[in-house]
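Visitor: I should like a close look at a single part of this structure, set in the context of the whole. Please choose the part and take me through it step by step.

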Amino acid sequence: MAKNNHYAQEAKRRPIPKCPKCGNKAVERETRYGKRNMCCDLWSWDRHPLVDAETHAARNEAHKTFDALWRGTSMKRSDAYRMLAEEMNLAPEQCHMKLMDADTAHRVPVAVQAIKDRAND
Ligand SMILES: [Zn+2]
């Protein structure tokens, strides 16, 4: 799968993340979904910074509501991201679920609703 190869290549260029709780280098496992790094109840994929379960859950929820905004519509994903960034007052390069902490990710469903409401006016 070309997409997975791309992520795998990117991951290899990053150093293995350090655990923000204990400072140790995270343990790395190869899984069929890619590299999984973990330590102290925190984990991440493809050598991104380790985050806790709440952050993963908030990001998943953010992804789900965001994808529902543009999927199956004529809206492009990149345009949807631009609108989301504007709505959340984030720089476009900061407006990616994988970079969001739990608090920021929790704001995504609210922002998506605001974008939808405006579209329906
Ligand atoms: Zn740790």
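Guide: The centres of domain 1 and domain 2, taken over C-alpha atoms, are separated by 24 Å. Domain 1 covers residues 2-45, and domain 2 covers residues 53-119. The model is a predicted one. In it, the C-alpha atoms of the protein fill a box of roughly 50 × 35 × 20 Å along the principal axes. The protein has four helices and three strands, which follow the pattern α-β-β-β-α-α-α when read along the sequence. Of its 121 residues, 19% count as buried. Among contacts with a separation of 6 or more, 45% are between residues 24 or more positions apart.

The part I propose to examine is helix 4, which runs from residue 102 to residue 119. Helix 4 contains 18 residues, and the distance from its first C-alpha to its last is 27 Å, close to the 26 Å expected at 1.5 Å a residue. At Pro 109, helix 4 bends by about 25°.

Which residues of helix 4 are buried? They are Ala 105, Val 108, Ala 111 and Val 112. Helix 2 and helix 3 are included in what covers these buried residues. For Val 112, the contacts beyond four places in sequence are with Thr 65, Phe 66 and Leu 69.

The four buried residues of helix 4 also belong to the largest nonpolar core, which has 12 residues in all. Its other members are Ala 58, Ala 62, Phe 66, Leu 69, Met 83, Leu 84, Cys 95 and Met 100. At least two residues of this core are supplied by each of helix 2 (53-70), helix 3 (77-88) and helix 4. In soluble globular proteins, nonpolar side chains tend to be buried together. Apart from this core lies another, of five residues, among them Leu 42, Trp 43, Leu 50 and Val 51.

The strands offer a contrast with helix 4. Strand 1 (residues 27-31) is hardly covered, for the count of buried residues among its five residues is zero. Strand 1 pairs with strand 2 in the antiparallel sense over five bridges, and the two form a hairpin with two residues between them. Within this pairing, Glu 28 stands opposite Asn 37 in strand 2.

The loop between strand 2 (34-39) and strand 3 (42-45) holds Cys 40, and Asp 41 is placed in the loop between strand 2 and strand 3 as well. Most residues other than glycine have a negative phi. Cys 40, however, has a positive phi of about 50° although it is not a glycine. Asp 41 likewise has a positive phi, near 65°. Why is Cys 40 classed as partly exposed? The class is assigned because 14 other C-beta atoms lie within 10 Å of Cys 40, whereas 20 or more would be required for a buried residue. Asp 41 has 10 other C-beta atoms within 10 Å and is therefore classed as exposed, the limit for that class being 12 or fewer.

How values were computed:
Residues numbered from 1 in each chain as written. Predicted model: local features only at pLDDT ≥ 70, side-chain atom pairs only at ≥ 80, totals over all residues. Core = buried A, V, L, I, M, F, W, Y, C linked by C-beta atoms within 7 Å. Contact = placed C-beta atoms within 7 Å. Domains from an automatic or database assignment. Expected span 1.5 Å × (residues − 1). Bend = angle between axes of the 7 residues up to and from the residue. Pairing = 2+ DSSP bridges.
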